[in-house]
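Work through the exercises below with the sequence and the 3D structure at hand, and try each task before reading its solution.

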Amino acid sequence: MTNQKNFKSDNLCSTGVPPVIVPLHQPAVAVFSTTGRRDARPTASRASDAGRAVVPDGPHRNSSSKIQNSKFKKENSSTRHQSPATRHGRLAASASPALWLGRWIGVLAVVLAAIGNLNAQITLAGWDINGQNSSATNPLSANTTASNISVGGLTLGSGLSASNAGSTFGGSQWYGNSTIAGDASAAAANNDFISLTLTANAGYTISLNGISAYNIRRSSTGPNSFLWQYQVGSGSWTDFGSTITVSGTSASGNNQSAITLNGISALQGVSSSSTIGLRLLGWGATGTSGTGFLNQFQNGDDFIITGSVASTSVTYTTWTGNGSAGTWSNGNNGQFGGAYANDLGNTVTFSGTGGTVTASGPVQAGDLVFNSDSYILAGSVQLGVGSITTNGSITTNVTANISGSGSSGLTKAGAGTLLLPARTPTQARPRSMWAT
Ligand SMILES: [Ca+2]
């Protein structure tokens, strides 16, 4: 219990005091080993292997433990639905290696898909057309705009005239006029389209995923054919999707399927120097007063562009390690390969050949990961996330003052050994402690 208390509150640098050996292993990591074996014992049993002083329960419990344990329970549950033969591995003996490989690839694909979903597509721009009309508002600003981008509102091409049909955005004067005629190029030449733009802010890129299902409304003499095009920067307009034909003329319009854009490389990772333009060409009207609109058809945003926004800034957070002593401080290279920038979200990794690293400042990081033996971390570090990972059969000696502002305390992960300085019994308070 002494060690446990020290681990929580005594992250102080106490020169000359032997370090306390804190966790020799991390139970959660042991749950899913690289061999695929799972510890079937209850979490408490696994945790007890390390001694309760290592990774205490309660606020000290690593959140990753909860996630891993949750996954463990889920898999265990599925195991109960398998046949006894499967549970005891006889299926493995009867199945070909290729079959098993295929199954594991399948499992891997599911896991990767889940990870991909974590990298969730967001609404880059969304318009709620309810109550809108182009006679009142043109361009029509987006109701939803993703962070770190700017969105140019829905805009009528100069060949169109604004029109108010209630909860629509579009107009009249589409190409075709007195005969059902025309095509995309003629519509483009006559500026008969609805357009919008997306531009990444400096330091970011935009990747388009798609256009969500939406609705097109037309009047009986309005355009009956539409086609989407994109433009990147000053490049040429390029078709995407196929020609859309619509016939219904009621206020409920014509529902349109979602359009996928993530296969168009030109629309992925577009930097702030290139504005992305999208436009919906329309033609086939039979009268100048015939109208065509993007239409209200659901609660909230009716016309939505999805995608992702990524930062282009480079962060230097891996100490390459050459065995020499070095100083880790804000704005300096150290052995990071570039200037380290204080950030309480940084995962700072120590690799290469371990040596003494003196943190000066204090420096700020989210959490620390040690991948090489013989690192000694001295000085003063403020952690935002509050975990220290020692991977593999290594020993990491942290003599630095470790401080943080989180309420979840400091956690340790990884199979290696982490040495922290002890607190003498006569000390009323550590020089630095985790605020709780
Ligand atoms: Ca709506």
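**Exercise 1.** In this predicted model, find what share of the 436 residues in the protein chain is buried, and state how many helices and strands the chain has.

*Solution.* Begin with burial: buried residues make up 36% of the 436 residues in the protein chain. Next, go through the secondary structure, where there are eight helices and 28 strands. Finally, consider the contacts with a separation of 6 or more, of which 66% are between residues 24 or more positions apart.

**Exercise 2.** Determine how many residues the largest nonpolar core has, and which of them have the most contacts inside it.

*Solution.* The largest nonpolar core has 47 residues, and those with the most contacts inside it are Ile206, Ile276, Leu281 and Leu294. Take Ile276 as an example: leaving aside its neighbours within four places in sequence, Ile276 is in contact with residues including Leu198, Ile206, Leu208 and Val232. A second core, separate from this one, has 23 residues, among them Leu368, Phe370, Ala378 and Ala400. As background, nonpolar side chains tend to be buried together in soluble globular proteins.

**Exercise 3.** Work out the strand order of the open sheet that contains E20 and E22, and decide whether its pairing is parallel or antiparallel.

*Solution.* The order of the five strands is E18-E20-E22-E24-E27, and the pairing is parallel. At the edges are strand E18 (318–319) and strand E27 (411–413), each of which pairs on one side only. Within the sheet, four bridges join strand E20 (residues 347–350) to strand E22 (residues 367–370), and the bridge partner of Val348 in E22 is Leu368. Leu368 also belongs to the second core described above.

**Exercise 4.** Do the same for the open sheet that contains E9 and E12: is its pairing parallel or antiparallel?

*Solution.* Here five strands follow the order E5-E6-E16-E9-E12, with antiparallel pairing. The edge strands are E5 (161–162) and E12 (254–256). Three bridges join strand E9 (residues 214–218) to E12, and Tyr214 stands opposite Gln256 in E12.

**Exercise 5.** Asn148 and Gln173 each have a positive phi of about 70° although neither is a glycine; decide for each whether it is buried or partly exposed.

*Solution.* Locate them first: Asn148 lies in the loop between E3 and strand E4 (149–156), whereas Gln173 is found in the loop between strand E6 (168–172) and helix H8 (184–189). Then count C-beta neighbours, remembering that a residue is buried if 20 or more other C-beta atoms lie within 10 Å of its own. Asn148 has 16 within 10 Å, so Asn148 is partly exposed, while Gln173 has 23 inside 10 Å and therefore counts as buried.

Note on methods:
Residues are numbered from 1 along each chain as its sequence is written. This is a predicted model: local features need pLDDT of at least 70, side-chain atom pairs count only at pLDDT 80 or more; totals for chains, interfaces and linings use all residues. A nonpolar core is a set of buried Ala, Val, Leu, Ile, Met, Phe, Trp, Tyr and Cys residues joined through C-beta atoms within 7 Å. A residue is buried if 20 or more other C-beta atoms lie within 10 Å of its own, exposed if 12 or fewer, and partly exposed in between; C-beta atoms are placed from the backbone. Two residues are in contact if their C-beta atoms, placed from the backbone, lie within 7 Å. Helices (H or I, at least four residues) and strands (E, at least two) are DSSP runs, numbered from the N terminus. Two strands pair if DSSP finds at least two bridges between them.
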